[in-house]
Amino acid sequence: MPDIARRKPKPTAERWLEAGLFHSRWLMAPFYVGLVAALIALLVVFFNEAVHELSHLFVMKPNQAIMMVLSLIDLSLAGNLLLIVIFSGYENFVSKIDTADDEDRPSWMGTVDFSGLKMKLIASIVAISAIALLKAFMELSEGKELSDRSLMWLVVIHVTFVVSGVLLALMDWLAGKTDKH
């Protein structure tokens with residue numbers, strides 16, 4: 001006889017507690033709605049930056065054009081990061097998103113687990129940090145004043161993110177090599 005058939009039914013209080021704990025995952029849903037609001041705010045900032053920079057398009061020097069592009073890429077990466085967190089966080093911790101097999105559904109949606117989410121998050125943060133560092137070096141090359149202290153902190157922070165990403169990847173790799181408990 002299977003194990004399930006021989007088990008005693010759980011006490012009512014335990015069933016209620018477990019049901020309550022399970023349904024508490026919905027408390028995370030407002031966080032994801034808030035992140036959608038942050039994505040909208042980022043979109044507004046993106047368009048403000050684009051309009052402001054493009055108004056100077058015909059008098060821009062090449063370095064200024066590159067700086068404009070880097071700023072817009074930076075905002076785009078932050079938007080991508082928000083989408084990844086919204087979709088994968090909601091699907092991993094709240095509920096599956098039913099898109100009825102919509103052809104526009106991203107291929108990674110529903111397949112990014114918490115480990116994958118961490119790696120995408122750190123990769124986006126490293127890319128954003130690298131862009132900030134590149135922008136600082138380009139400003140230096142244009143003769144803009146930037147203190148050695150500020151530049152040192154940008155490098156230290158970037159290296160910290162890179163090392164953290166490598167260590168997270170190493171931990172995930174090691175965890176994948178060990179037996180599951």
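How many aromatic pairs does a search of the whole structure find? I began my notebook with this, keeping in mind that the model is predicted.

**Entry 1: aromatic pairs**

The search came back with three aromatic pairs. I looked up tryptophan 26 and tyrosine 90, whose ring centres are 6.2 Å apart and whose planes stand at 75 degrees. Planes over 60 degrees apart count as edge-to-face, so I entered this pair as edge-to-face. I then checked where the two residues sit. Tryptophan 26 is in the loop between helix 2 (12-23) and helix 3, while tyrosine 90 belongs to helix 4. They are 64 residues apart, and I noted that the pair links distant parts of the chain.

Is tryptophan 26 buried, exposed or partly exposed? I found a relative accessibility of 38%, so tryptophan 26 counts as partly exposed.

Next I took phenylalanine 46 and phenylalanine 47. Their ring centres lie 5.7 Å apart with the planes at 85 degrees, so this pair too is edge-to-face. I wrote down a relative accessible area of 25% for phenylalanine 46, which is partly exposed. Phenylalanine 47 has 48% and is also partly exposed; the class would become exposed over 50%.

Last under this heading, I noted a cluster in which ring pairs link Trp26, Tyr32 and Tyr90.

**Entry 2: the largest pocket**

I looked up the largest pocket and recorded a volume of about 160 Å³. Which residues line it? I listed His52, Glu53, His56, Met60, Asn63, Gln64, Met67, Glu139, Glu142 and Lys144. By class, I counted two nonpolar, four polar and four charged residues in the lining.

I then asked which helix gives the most to this lining. Helix 4 does, with three residues. Helix 3 (29-54) and helix 4 (62-93) each supply at least two residues of the lining.

**Entry 3: serine 129**

I turned to serine 129, which I located in helix 5 (residues 114-141). Is serine 129 buried or exposed? Its relative accessible area is 9%, and the cut-off for buried is under 20%, so I put serine 129 down as buried.

What does the side chain of serine 129 make a polar contact with? I found the side chain of histidine 158 as the partner, at 2.9 Å. I also listed the contacts of serine 129, leaving aside neighbours within four places in sequence: these are Ile157, His158 and Phe161. His158 thus appears in my notes both as a contact and as the polar partner of serine 129.

Note on methods. Residues are numbered from 1 along each chain as its sequence is written. This is a predicted model: local features need pLDDT of at least 70, side-chain atom pairs count only at pLDDT 80 or more; totals for chains, interfaces and linings use all residues. Side-chain values use heavy atoms; hydrogens and water are left out. Helices (H or I, at least four residues) and strands (E, at least two) are DSSP runs, numbered from the N terminus. Buried means under 20% relative accessible area, exposed over 50%, partly exposed in between (1.4 Å probe, protein chains only). A polar contact is a pair of N or O atoms within 3.5 Å; within protein, one must be able to donate a hydrogen and the other to accept it, and residues adjacent in sequence count only if both atoms are side-chain atoms. Contact means heavy atoms within 4.5 Å. On a 1 Å grid over the protein atoms alone, a cavity is a set of points where a 1.4 Å probe fits but cannot get out, and a pocket is an open set with protein on both sides within 12 Å along at least five of seven lines; lining residues have an atom within 4 Å of a point. Grid points are joined across faces, edges and corners, and a volume is the space filled by probe spheres set on the points. Ala, Val, Leu, Ile, Met, Phe, Trp, Tyr, Cys and Pro count as nonpolar, Asp, Glu, Lys and Arg as charged, and the others, Gly among them, as polar. Rings of Phe, Tyr and Trp (its six-membered ring) pair if their centres lie within 6.5 Å; planes under 30 degrees apart count as stacked, over 60 as edge-to-face and the rest as tilted.
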